[in-house]
Structure formats: structure tokens, C-alpha cells
Amino acid sequence: MAAEDIHVRLCLQDIIKLDLEAKALVQDIREHADTAEILEDFSSQAREKVHKLRGKIDELARLGHEQDSDADKEAILTNVKTLRQTLSGTLSSLRQANLSTQLKIDKKAKEQLLSGGAQVRHRARGNKETLAKMAGDITESLMSLNRTMASQVQHSETTMTTLVNSSSSVGEIQDEVRDMGGHIQHSHRLLTKYGRREMTDKLLIFLALVLFFGTVLYIVKKRIWPS
């Protein structure tokens, strides 16, 4: 089997693996990222997978252009187009997962802050000797809360604007997910084709060796036992 055919098979296998790993990290962000640190860690890993996936798709496109057969070239480049659409959908899913998870983390932080302010006010009412000091502390806490809430409102407005701008891609993502099954079947057919080509090449090599040794034996026989 030609070296470029082996490279195509390996490249397709790497692309499928990286795509599944990137989608798994997006799911981890949605289900397990309950702190900003965990969210950043998952996001960093997902961005790295996406970067590698984009490089592998570009490599597959280069291999497609190098094919001698027009049919093989067209099949590979068609697959590249589908893979790039899938990559675009994965990026959109990653952005949306990051935004929605950040909103949940911000909401949790705000609830904890409000709960802490309520506890401070309760202790102040139960201790008359430190009432004045606690009142000052509560005022400062409320002012900090007000600033935090104002920041959260601004952040939420920015997030909503981003979600509205990206809503047009939601329908495309759903179509790309449905097309993923077809893409995997297409890749499977390519891999099967290259597997059959490998068997054909081995058979041709075997027949060539048989013909070669038969010719050698015939020449030796003619020289040893000339007719």
C-alpha cells in the first residue's frame, strides 16, 4: 500500500479521536465545572484538542491534494469539508458551554455573598455591645454587594449579547451533529478501501516473486541441461 494511503488512514483515525475527546471535554464543562478554576482547566484542555484537531484536518486536506487518483482526491476533500463544519460546531458548543457554566458559577457566588450578609446582620442584632461596629460592617458589606451585583448585571448583559449573536449557529450545530454519523460512515468506507488495497498490493508482490523465481529456475535449467 502506498505511503500516502497509510498517512490518510492514520490522519483520519487521529481526527476522529481528537473530535471525540474535544466533545467529551465540552460535556465535562457542562456537568462538572462548578468552580472558576475547574472551568479554566477544562477549557484549556478543550482549546488544545481543538487546536490539534484543526492541524490534523489541514494535514488531511494536504494529503487529499497529493492523491494521484481524482476519485480519491475528491472523496478526501469532501470529507475535509465536513470535518471543518464539524469543527466549527464544536467551537460553538465550547463557547456556549463556557458561557452557561460561568453564569452558574457567578450565580452561586452571588447567593453565597447574600447568605453571608444575612448572617452578619443576625449576629449584629444578637450583640448589643458591638451594634455600632457591626452596623458599619454591614454597611460596607452591602456597598460591596451592590458593587458586585452591578458588576454581575454588566457581565450578564455582555453574556446575553454574546448568546444572541451566537444563536444563529445553534441550528447549524444540530445539523452538524446529525451529519456526524454520515461522516463516520464515510471515513469507515475510506479505511475499508485502503485495507482492500493493502491486500491487493500483497497479492501482486507475491505473484511477482513467483514469476521472478520461476524465470530464474528456467534459466538455470537451460544452462545446466541444454536441450
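Here is a short chat between a visitor and a guide about the predicted model shown above.

Visitor: What ground rules apply to this model?
Guide: It's a predicted model, where local features need pLDDT of at least 70 and side-chain atom pairs count only at pLDDT 80 or more, while totals for chains, interfaces and linings use all residues. Residues are numbered from 1 along each chain as its sequence is written, and side-chain values use heavy atoms, with hydrogens and water left out.

Visitor: Which helix has the highest confidence, and which the lowest?
Guide: The score here is pLDDT, the predictor's confidence in each residue, from 0 to 100. The protein chain has a mean of 78, with 62% of its residues at 70 or more. Where pLDDT is low, the predicted coordinates should not be read in detail. Confidence is highest in helix 2 (residues 36–65), at 94, and lowest, at a mean of 62, in helix 4 (residues 131–166).

Visitor: How many helices and strands does the protein chain have?
Guide: Both are DSSP runs numbered from the N terminus: helices are H or I with at least four residues, strands are E with at least two. Reading from the N terminus, the elements go α-α-α-α-α. That's five helices and zero strands.

Visitor: What share of the 227 residues of the protein chain counts as buried?
Guide: Buried means under 20% relative accessible area, exposed means over 50%, and partly exposed is in between (1.4 Å probe, protein chains only). In helix 2 the buried residues include L39, F42, V50, L53 and I57. For the 227 residues of the protein chain, the buried share is 27%.

Visitor: How far apart are the end C-alpha atoms of helix 2?
Guide: The expected span of a helix is 1.5 Å times one less than its number of residues. Helix 2 has 30 residues, so it should span 44 Å. The model agrees, with its end C-alpha atoms 44 Å apart.

Visitor: How many salt bridges are there?
Guide: The rule asks for a side-chain nitrogen of Lys or Arg within 4 Å of a carboxyl oxygen of Asp or Glu. One of them joins D19 and K23, at 2.9 Å from N to O. By this rule the count is eight.

Visitor: Why are D19 and K23 about one helical turn apart, and is D19 buried or exposed?
Guide: D19 and K23 sit four residues apart in helix 1 (residues 3–32), so about one helical turn separates them. K23 is partly exposed at 32% relative accessibility. With a relative accessible area of 4%, D19 is buried.

Visitor: Which helices does the R84 and D58 pair link?
Guide: R84 makes a salt bridge with D58, and the closest N and O atoms are 3.0 Å apart. This pair connects distant parts of the chain, 26 residues apart: R84 is in helix 3 (residues 70–126) and D58 in helix 2. R84 is partly exposed at 41%, and D58 is partly exposed at 39%. So the linked elements are helix 3 and helix 2.

Visitor: Which residues do salt bridges that share partners join into one network?
Guide: Start with E59 and K56, whose side chains meet in a salt bridge at 3.5 Å, N to O. Both lie in helix 2, three residues apart, about one turn of the helix. E59 is partly exposed at 27%, as is K56 at 22%. The network joins D14, K56 and E59.

Visitor: What kind of aromatic pair do F212 and F213 form?
Guide: Rings of Phe, Tyr and Trp (its six-membered ring) pair if their centres lie within 6.5 Å; planes under 30 degrees apart are stacked, over 60 edge-to-face, and the rest tilted. A search of the whole structure finds one such pair. F212 and F213 are 5.4 Å apart centre to centre with 70° between the planes, making the pair edge-to-face.

Visitor: How far apart are E21 and Q45 in space?
Guide: E21 is in helix 1 and counts as partly exposed at 24% relative accessibility. In sequence, E21 and Q45 are 24 residues apart. In space, C-alpha to C-alpha, the distance is 9.6 Å.
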